[in-house]
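User: I am new to this structure and should be grateful for a formal account of one part of it, set against the chain as a whole.
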Amino acid sequence: MVESKREILVVNDSDAEVTLYLYPTWDHICWLSTESRIIKPKQKTLYSKKKEFKFKLKARWKGRGDNKKTCVKELQELSHLKESKLFRVRGTDGSAVAFEETLTDTSTEKQVCLRKNNMGEDLKRTCGMPNLYEILGLDMKTARKLSKDELKKTLKKACRKQLLIWHPDKNGGDAEQARNIIVAYSCLEDDETRARYNNQADYDEGWTSLKRWKAIFKPECATEEQKRQFRKRLCYLALSAGAFFVGLGLIVGTAGAGAVPLVAGGGVFGGGFFGGGVLSLQHATSLQAVAEGVELGPWMAKFGLGFTAGAITGGTAVGTTALISGLGGAALESTAVGVGQYIGAGAATGAVGGGTMSLASDLGRKHVDGEEIPGKNVAFRALTATGIGAAAGALGGLVTKAMVSSTASAASSNLEGELAEQVMILAGARKFANVLARNVPKTLTESGTQAILGSAANFADERLNENVENRTPQEHLEQGAKALTSTLGQVVVQEVASSAVSHAINEIKVHRRVKKEFPSTSSKNHSNAERQRQRRRVRFAMSQEENEHRNNVSRSTCSRGGYKRLENETENYGNPGQTTPLIDIDDIDIAEGIDEAKFDGKIKYINNGSFESKMVVSFRVGNQMRVEVAKGSGSWITVPENATNIRVRFMANRLVWCDVKKYNRFSKTWVTPTEEHIFRYSTPPALRVFILSGNIYTEKVIRVANEYHEETKEME
């Protein structure tokens, strides 16, 4: 028996923006929703769940004339959904009213929403929306390999094929989806907008993909203006990187100085250049910059905000460290500094750094990028960033103290006369390793704390912003896990680079001081052992004078930017779909020059399981039998329009490739006796999307969708 679902369909026929808030039945306060859906004017959405849930509806609109304030009206008070319902919102702005109607399985609006929900699962998403190539039924990777003329012909043919399916004059058509097809074609048909979209798609692959790096440093440019913008962006990127390394050099280079003014100046100006470089570098490598270019005004504004926040953070780090344990020659030796002092220094610096960088980032997004960010969200982010920064800094200080104490204990246990001096005075390589052993665990602790607490903060932050849809707690946890994983590699690279710069600067100082204090050491009459002995003595003296361990705490704290809010996967990257259509749907004759029987078939598969898979499609063209293989989830195979005797099957890697067995997805049982699951077609289907699931030895096909993204009854 199939368990019935609780469904709610909201049709927004009003001019206001309607938000559907969803809550679990056990939540009696219902302050933070587990999920939300925003329904734009003239759109609809369907939400379904096996269990009962609570919900409420609100309408939002902006005032007219001089009154630009956002107004909110409750359309449906908090209710417990026990059976499926339909709400139709009608009216203009403040007069919007929700009318409750009966929701039936045969409702046309429900069927359209089901198709769109399925389409969201079937199509790849780029920048938070369906991929434009896949809206036209094309494989993006294959299409981008075509010549310009071939691509234009392919796009036109694909557009007309999709309109034959979705045009509102066709049975089962939908005007909204037809317009999406027109917008996709309009964007991809134009060389300039297609190049911009391709760069956005490459960037959307993430920092771990070579495609994002290609979009930043070798983007697709169709016009001279795009090439000029690319060269201009590279210049700003170089300036940002230069400011970043200047700041890092000032922080590292002055951290071990004995003069208090030099340490303070290095902390403030080094932190300023570091923060300005980070914020402006993020601006120069953002998706918007890759797509549209970088202008001087916004870049300067981002640099100024980052410089201010970084200078405040750097000054706070220096001041806090001085108050707690002194600076330079007056500082306490690192082993004498208590746990509370390490924790206090880290917490104070992390709190100020987190709060200031959060404010700088939000001010930049609001006043430079033009994003609409409510004031309550800015305040909430600053407060949570302060708290998370303090927690991360305190834990980082605790780890640093543990590592310093461990190193000191290991050395002091062997101290006896001349031997003690040889052990205590670290050689260059060993010293470098000790710095890494102290800094990497500290930074990993800070980053891990930020990622874990940041997921919870982002969850609450989303609930306070009515302009974005709320994702589920599970999605936030997955995002936090991804952020934590990606941080590990970045932390190691960052700390190795920082420690290497610090070590190089220190060795230069040692070399100069040896030449000054022992001018005869460089003579050929002295053995290499004697020269190394003199260098070790100088290192020891410098360590005593500069209190290196204590300053390392200050340096590493200053070089951290504090709490960084996790990147929101649903951030508004700019919507290529908003491009004004070059073609109006009413001006297209969908039958113009088209024979409905002469379209290539498209077969795609998506693997949601935890196993390696591939799709094998065989077909006959004339007297020749052809076999094509697609490997990897999301892969496509195009079947020629004149193909016959088409067979589709799937294979899973169990150390050797084995056929996926036949599974009845309707009765949820395996077919006996066991046999291969093969789907057969006499002519190419317009579109088939196969979805696989399961684990090794339980691989199965759980869904087969047609060109309308509806479940078919096909079993073979």
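Among contacts in the chain between residues at least 6 apart in sequence, what percentage join residues at least 24 apart? With that as background, please look closely at strand β7 (residues 85-90).

Analyst: Among contacts (heavy atoms within 4.5 Å) between residues at least 6 apart in sequence, 69% join residues at least 24 apart. The model is a predicted one, in which local features need pLDDT of at least 70 and side-chain atom pairs pLDDT 80 or more, while totals for chains, interfaces and linings use all residues. Residues are numbered from 1 along each chain as its sequence is written, and side-chain values use heavy atoms, without hydrogens or water.

The chain has 716 residues, of which 48% count as buried (under 20% relative accessible area with a 1.4 Å probe, protein chains only; exposed is over 50%, partly exposed in between). It holds 18 helices and 21 strands (DSSP runs numbered from the N terminus: H or I of at least four residues for helices, E of at least two for strands).

Strand β7 belongs to an open sheet of four strands, whose order is β4-β1-β7-β8 and whose pairing (at least two DSSP bridges between two strands) is mixed. At the edges of this sheet are β4 (44-49) and β8, each of which pairs on one side only. From one strand to the next, the twist averages 20° (axes are lines fitted to C-alpha atoms, for helices over the stretch in contact; angles run from 0 to 180 degrees between N-to-C directions).

Because five of its six residues are buried, β7 is largely enclosed by the rest of the structure. On one side stands strand β1 (residues 6-12), which runs parallel to β7 and is joined to it by five bridges. Within this pairing, Val11 has Arg88 of β7 as its bridge partner. The other partner of β7 is strand β8 (residues 97-101), and here five bridges join the two strands in the antiparallel sense. Phe87 stands opposite Glu100 of β8. Between β7 and β8, the hairpin has six residues, and in it Gly91 adopts a positive phi near 120°.

The sheet continues from β1 to β4, and these two strands pair in the antiparallel sense over six bridges. In that pairing Ser48 of β4 is the bridge partner of Glu7. Helix α1 (residues 108-122) packs on the sheet, where it touches β1, β4 and β7, and the direction of α1 makes about 75° with that of β4. Strand β7 is thus paired with β1 and with β8, and it is also touched by α1.

One residue of β7 deserves separate attention, namely Arg88. Arg88 counts as buried because its relative accessibility is 11%. Its side chain makes a polar contact (an N or O pair within 3.5 Å; within protein, one atom must be able to donate a hydrogen and the other to accept it, and residues adjacent in sequence count only through side-chain atoms on both sides) of 3.0 Å with the side chain of Glu101. Setting aside residues up to four places away in sequence, Arg88 touches Val11, Asp13, Val97, Ala98, Phe99, Glu101 and Glu109. Val11 in this list is also the residue bridged to Arg88.

Two further places in the chain may be set beside Arg88. Ser240 lies in helix α8 (residues 224-255), and it counts as buried because its relative accessibility is 0%. The side chain of Ser240 forms a polar contact of 2.8 Å with the side chain of Trp299. Apart from residues up to four places away in sequence, Ser240 touches Gly277, Ser280, Leu281 and Trp299. Its C-alpha atom is 8.0 Å from that of Ala284, although 44 residues separate the two along the chain.

Glu716 is found in the segment after β21 (700-705). With a relative accessible area of 47%, Glu716 is partly exposed. Beyond neighbours within four places in sequence, Glu716 is in contact with Lys662, Ile678, Phe679 and Arg680. From C-alpha to C-alpha, Glu716 and Tyr681 are 8.7 Å apart, with their positions 35 residues apart in sequence.
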